[in-house]
Protein chains: 2
Amino acid sequence: MAYRSPATGGASGQSGAFGASGVSGQSGVSAASGVSGQSGVSAVSGVSGPSGADGSRSVSSRLLALLDVFTAAQPELTLSEISRLADVPLSTAHRLLGELTAWGALERGPDGKYRIGLKLWELGSLAPRGLPLRDVALPLMEDLYEATHENVQLSVREGPAVVFVERISGRGAVPTLTRVGGRFAIHATGGGLVLLAHAPPEIQEQVLAEPLQTFTRYTIDSPVRLRRVLAEVRLRGYALSDRQVTEDAFTVAAPIYGHGDEVVAALSLVVNHQGAEPAHLVPLVLSTARSISRLLGAPNSQHSEDARHLRT
Amino acid sequence: MAYRSPATGGASGQSGAFGASGVSGQSGVSAASGVSGQSGVSAVSGVSGPSGADGSRSVSSRLLALLDVFTAAQPELTLSEISRLADVPLSTAHRLLGELTAWGALERGPDGKYRIGLKLWELGSLAPRGLPLRDVALPLMEDLYEATHENVQLSVREGPAVVFVERISGRGAVPTLTRVGGRFAIHATGGGLVLLAHAPPEIQEQVLAEPLQTFTRYTIDSPVRLRRVLAEVRLRGYALSDRQVTEDAFTVAAPIYGHGDEVVAALSLVVNHQGAEPAHLVPLVLSTARSISRLLGAPNSQHSEDARHLRT
DNA sequence: GGGACGCTTCCACTGACCAGAAGGGCGGCT
DNA sequence: AGCCGCCCTTCTGGTCAGTGGAAGCGTCCC
């Protein structure tokens, strides 16, 4: 049985939010290796919530734990590394990894290391909030890119974090810390602010209740200010983020609506903060976002009838 | 050396027709009517009944079987649909799906249907042959797109099939049948021919031994001709595919090399076959492919030895 | 040449998983 | 309206498949 104390060694829990690898400062808590519904990063002490507090038990959770150890920083691992990180006995890990490999979820390189297999990538590409969304948005993102040659990003919300689904960045554009498939703190990025502003109240409160990680001296770090900014975002219909992630990036972000006029994603344009002209950029982003919403079938984004023929 | 690569060994498994497995019964069969080989390249056995066979034994295989029922044609399924398709008892499916959902591999929509979750998409995005490859290639693909405004595609080989990893297509470009994350018959597409030409002999023989699915009257349908074409591709260093998939598409494809100068992917440009000028397009594709190879660290693609420091 | 490390295989034990059946809600059909 | 079928959810005991310790072996590093 699990004689190892589960909690103490904070290092055990890996998964969690792997933000930008290079970012200094305290790590983003992570934890939450359990299976409980809420990826409750917040579960700091608080309510006991004994259900599933500890250890992976069932086969499936072990299987998933094995997959969970793969991160952007460590995309290739050996058997024993996986066994240690996932806290699964070596022989069990060996067998399960063998099954995963046979199925194609994992692949083994010439060096014997395990890596995520293409089959899993194919499967993941079926996620409605992933590629299908991207497929609709990409052509219009291309247009925005060609018009500006800046960073164009598409992001969605996953719990209290923002996940980047697509990104176009020219060589001359401002460098950003984001990566497609990567997570980031929701209160810092422009797209995150849009998504948070339209998130359910409980999510907002959850974010507001936790310490706000800072990246630059401009990063929003007080709940009061964040609350005010969110209200502003809702009011104006777009978000601005001035050097809140890196010292030279200025972001304009707008919401993208789905079938039921709920916010399903955010479109953001990241430019150099020097010479940025919000008055010029905001209409560009807003109109592109609206066009994407229309393609997604958002009622409020349907113009009159002139948009009919734009459907593919 | 090192450890044996289990790659092709017993990978047969159930490469299960991933494409349009018309499981819905009903009248949906029409699509596959004309197709002899269907996409089931490997599944030769005509055992239609649920009798015997059934490899689902271990828990993990059932878990994976549950995931395997999601296809591009059916990205959202109910519990009982999944149970039927995966041939897993209802209660078992219910429990396993619950665990998958708790972990984030699946999500449930407001209608209760299951769909692939964003977490799985994030995980899949770590596949070395998926996004990382894409991240390197995309900027150069962008350049090629801006120069031509045609379809630019990036594909890799997975067993005896070709998988499309990235695709840029303008609104004015020729329509193609491909989809990012989707599979296709390897002998028909331009990128597939490149990948097959540089694939291990056993893969080539496997493809040559099976009936070659045809899409147009120009599709290569004889092993003899395919063999000749492959030799030609190796000799010239690029592949041409004239209306072999659709009646109006002309494709130029070139190999992309990795660290060890092995072919890891294919870059293809799809244009309208009318007015296509291979003499003009081939150098464009070749040079772009070579640039990507160089970024990937392919020795033979380095211009001189001064490129040493480009290695990551 | 010794030691450490990592991968693979084996096998007896046990507790986690499987499979039916029952309960309750929703929507379509007559 | 009422009926009926479909679907989802929960529960319980028996059984077997998953578990993991340990040993064998190859490789790499001191």
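**Notebook: chain A and DNA strand C**

I started with a phosphate oxygen of DNA strand C and found it 3.2 Å from an N or O atom in the side chain of H94(A). That fits a polar contact (a pair of N or O atoms within 3.5 Å; within protein, one must be able to donate a hydrogen and the other to accept it, and residues adjacent in sequence count only if both atoms are side-chain atoms).

Note to self: this is a predicted model, where local features need pLDDT of at least 70 and side-chain atom pairs count only at pLDDT 80 or more, while totals for chains, interfaces and linings use all residues. Residues are numbered from 1 along each chain as its sequence is written, chains are lettered from A and ligands numbered from 1 in the order written, and side-chain values use heavy atoms, leaving out hydrogens and water.

Next I looked for other phosphate partners on strand C. A backbone N or O atom of L79(A) sits 3.1 Å from a phosphate oxygen, and a polar side-chain atom of T92(B) is 3.3 Å from one.

Then I checked what surrounds the strand: 17 residues, with V59(A), S80(A), P89(B), S91(B) and R95(B) the closest. Sugar and phosphate make up 80% of the strand C atoms that come within 4 Å of the protein.

Last, I went to T189(A), in the loop between β6 (183-185) and α6 (190-197) of chain A. T189(A) counts as buried because its relative accessibility is 6%, and buried means under 20% relative accessible area (1.4 Å probe, protein chains only). Leaving out residues up to four places away in sequence, T189(A) touches V162(A), F164(A), F184(A), S241(A) and V245(A), where contact means heavy atoms within 4.5 Å.

Conventions
Helices (H or I, at least four residues) and strands (E, at least two) are DSSP runs, numbered from the N terminus. Buried means under 20% relative accessible area, exposed over 50%, partly exposed in between (1.4 Å probe, protein chains only). A residue is near a molecule or strand if one of its heavy atoms lies within 4 Å of it.
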